[in-house]
Amino acid sequence: GAMSVIDEKLTRMKELAEQAATGTYTTAQREIINSEYQAMAAEIDRIANATSFNGVKLLDGSMVQSHEGSGMKIHFGLGNNAAEDYYFVNIGDVRATYASGLRVGNSDPQDTLRTTNLSAASSTEALEPDAAATNDGFFGIRYTEEFNAENAASAKWNLYGYVDIDASRTSINDIVQNINKGSQAQGTLSIKAGSTAFIETGSLTINGQVFTFTTAGSSSYTNGTTGVINLSGVTNATNMTKEIAAYLNNHAASIGVYGAVNGTTLQMVAHTFGVAGNSIDVATNSTVVKSNQQTLDGGGNKLLNASAYYDETKKEWQLQIQMNHGGEKHQVQTFGLSSVSVGAATIMGGQIPGVTMTTVSGDVWMAQLASGTNATIGVGGHLRTYSKLDEQSEWLQPQNGTGTTEWDGADILTQSHAQKALNALDGAILKKDTARAGLGAVQNRLENTITNLQIQAENLQAAESRISDVDVATEMTEFTRNNILAQAATAMLAQANALPQLALQLIG
């Protein structure tokens, strides 16, 4: 029934596109026609999103996520054999304004990113580029609510957090759950020139763990309690900042904080998504170290939404990240280093001004999934091999967040757009017809399955009835026998009683 209504809406959209493709209409008139065109597309979306059976969405494409892309499992047998006991129902996405759907009408203007090379066979497996390579490392997520396409450089970007990719433990579902907890808390620690006094007498406390400094020993760390940061050979505040950041990143999971460098300022980010803040305390009798805030804060802001996305074409699972807010001002981007060296961090989509992520003594600071070939680098005190990927080859942005859509059926605001929309609508109608025909085939198969089961049930009832009939006949035979015996006994007793009566009559 829902598909029938969608068919009517697509037919009306085709009529509107045919009108708008005619040269006699003005721009203002096409805008009026386009308003109905978009309303029809929105209604198709509403119908597709609302159509459900017993809580299961049928037409929004979500069904393909069940059973790793096989669809809804229809089980009708006593066993678990695919050839005898079940099959799957899989209905495609027939929403109008979605990249996976019919693609007629403006898409949701929410900004969306999706991995295309990093993928997995199931949502419970780790993101991998291929079977021969691992991809341990990080990528960052940033967002803005002030984006202006005409002056993109003026946008103020906010760090949402860093995603740690570890093929040995991190599945797509793990990443999704972490990102959806909310942003990572952040804070800074400023280190000025002349830091000798701080090295000698100062300490840094993070989450109750006290870290002191040495220039005559080696670094050490006792999990959850104390640590020593080796600053031997450090002659200026910049290098000191780098060494502290490298130390934090080597033990980020235990300490709970990542470190990045912005000149002589240590930029600290909570290791965990969703945590409101991490306590930071600086103890020193020197003025060279100043903390501009005693806690990392801002954690837990749920401005983004992550999900495990199943790509029907590639038959694989991908990570999808979407901005919760729509409109051209709300943008989300991922970023990573294009090279692991001293200098400004080149990120996907722009620069983080003044922030340096680099190496110190073989330790990598916020090593990123980056462009280029595979490389083995030091991360967290040990070597990891990871695939270097850039945004263009790795991330798909199907909806660019500007309120416009790249497919031909997006609008009919101009004559050329309307002419392109005609072809797009033909494709949408064909996709809808294919889905509807597939649904009809499945419905016929279900009816045949029901007929077959009814025949089985009827035969089973007939067999049970024959068995029951035999039992009733036996009981009726026994009952009749007993009845005849009772009647015979009664007759004999009657005759026996009659003899004394005859004798009495003779005497009388």
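## A tour starting from strand 5

Select Thr 112 and follow its pairing across to strand 19, where the bridge partner is Gln 322. The model is predicted, so local features require pLDDT of at least 70 and side-chain atom pairs count only at pLDDT 80 or more, while totals for chains, interfaces and linings use all residues. Residues are numbered from 1 along each chain as its sequence is written, and side-chain values use heavy atoms, with hydrogens and water left out.

**Strand 5 and its partner**

Extend the selection to strand 5 and to strand 19 (residues 316-323), which pair in the antiparallel sense over 3 bridges. Pairing here requires at least two DSSP bridges between two strands. Helices and strands are themselves DSSP runs numbered from the N terminus, with H or I over at least four residues for a helix and E over at least two for a strand.

In a regular strand, side chains alternate between the two faces of the sheet. Colour strand 5 accordingly: Thr 112 and Arg 114 lie on one side, Leu 113 and Thr 115 on the other, and all are buried. Buried denotes a relative accessible area under 20%, exposed over 50%, and partly exposed the range in between, using a 1.4 Å probe and protein chains only.

**The loop after strand 5**

Next, select Ala 121, in the loop between strand 5 (112-115) and strand 6 (137-144). Ala 121 has a relative accessible area of 51% and therefore counts as exposed. Its contacts (heavy atoms within 4.5 Å) beyond four places in sequence are Glu 68 and Trp 317. Add Lys 315: 194 residues separate it from Ala 121 in sequence, yet their C-alpha atoms are 7.8 Å apart.

**The nonpolar cores**

Now display Leu 10, Met 13, Tyr 37, Leu 59, Val 104 and Ile 412; of the 33 residues in the largest nonpolar core, these touch the most other members. Helix 1 (2-20), helix 2 (27-50) and helix 8 (415-507) are the elements that give two or more residues to this core. Such a core is a set of buried Ala, Val, Leu, Ile, Met, Phe, Trp, Tyr and Cys residues joined through side-chain atoms within 4.5 Å.

Centre on Val 104. Outside its neighbours within four places in sequence, Val 104 is in contact with residues including Leu 10, Met 13, Tyr 37, Trp 407 and Leu 425. Another core, of 25 residues, lies apart from this one and has Ala 120, Ile 175, Ile 179 and Tyr 310 among its members.

**Gln 184**

Move to Gln 184, in the loop between helix 3 (172-179) and strand 8 (186-191). Gln 184 is buried because its relative accessible area is 0%. A polar atom of the Gln 184 side chain lies 2.9 Å from the backbone nitrogen of Tyr 162. Beyond four places in sequence, the residues that Gln 184 touches include Tyr 160, Tyr 258, His 271, Phe 273 and Gly 299.

**Helix 5**

Helix 5 (residues 237-250) comprises 14 residues and reaches 20 Å from its first C-alpha to its last, close to the 20 Å expected at 1.5 Å a residue. That expected span is 1.5 Å times one less than the number of residues. Because 10 of its 14 residues are buried, helix 5 is largely enclosed by the rest of the structure. Among the buried ones to select are Met 240, Ile 244, Tyr 247 and Leu 248.

**Salt bridges**

A salt bridge is taken as a side-chain nitrogen of Lys or Arg within 4 Å of a carboxyl oxygen of Asp or Glu, and the count comes to 8 by this rule.

- Glu 15 and Arg 12 bridge with closest N and O atoms 3.1 Å apart; both lie in helix 1, 3 residues apart, about one turn of the helix.
- Arg 46 and Glu 43 bridge at 2.8 Å, and both lie in helix 2, again 3 residues apart. Arg 46 is partly exposed at 47%, and Glu 43 is partly exposed at 23%.
- Asp 93 and Arg 95 bridge at 2.8 Å, and both are buried.
- Asp 7, Lys 432 and Asp 433 are linked in a network of salt bridges.

**Two positive phi values**

Finish at two asparagines. Asn 54 has a positive phi of about 55° although it is not a glycine; it lies in the loop between strand 1 (52-53) and strand 2 (56-57). Asn 54 is exposed, with a relative accessible area of 73%. Asn 207 has a positive phi near 55° and is found in the loop between strand 9 (203-206) and strand 10 (209-214). At 33% relative accessibility, Asn 207 is partly exposed.

Notes:
Polar contact = N/O pair within 3.5 Å; in protein donor to acceptor, adjacent residues only side chain to side chain.
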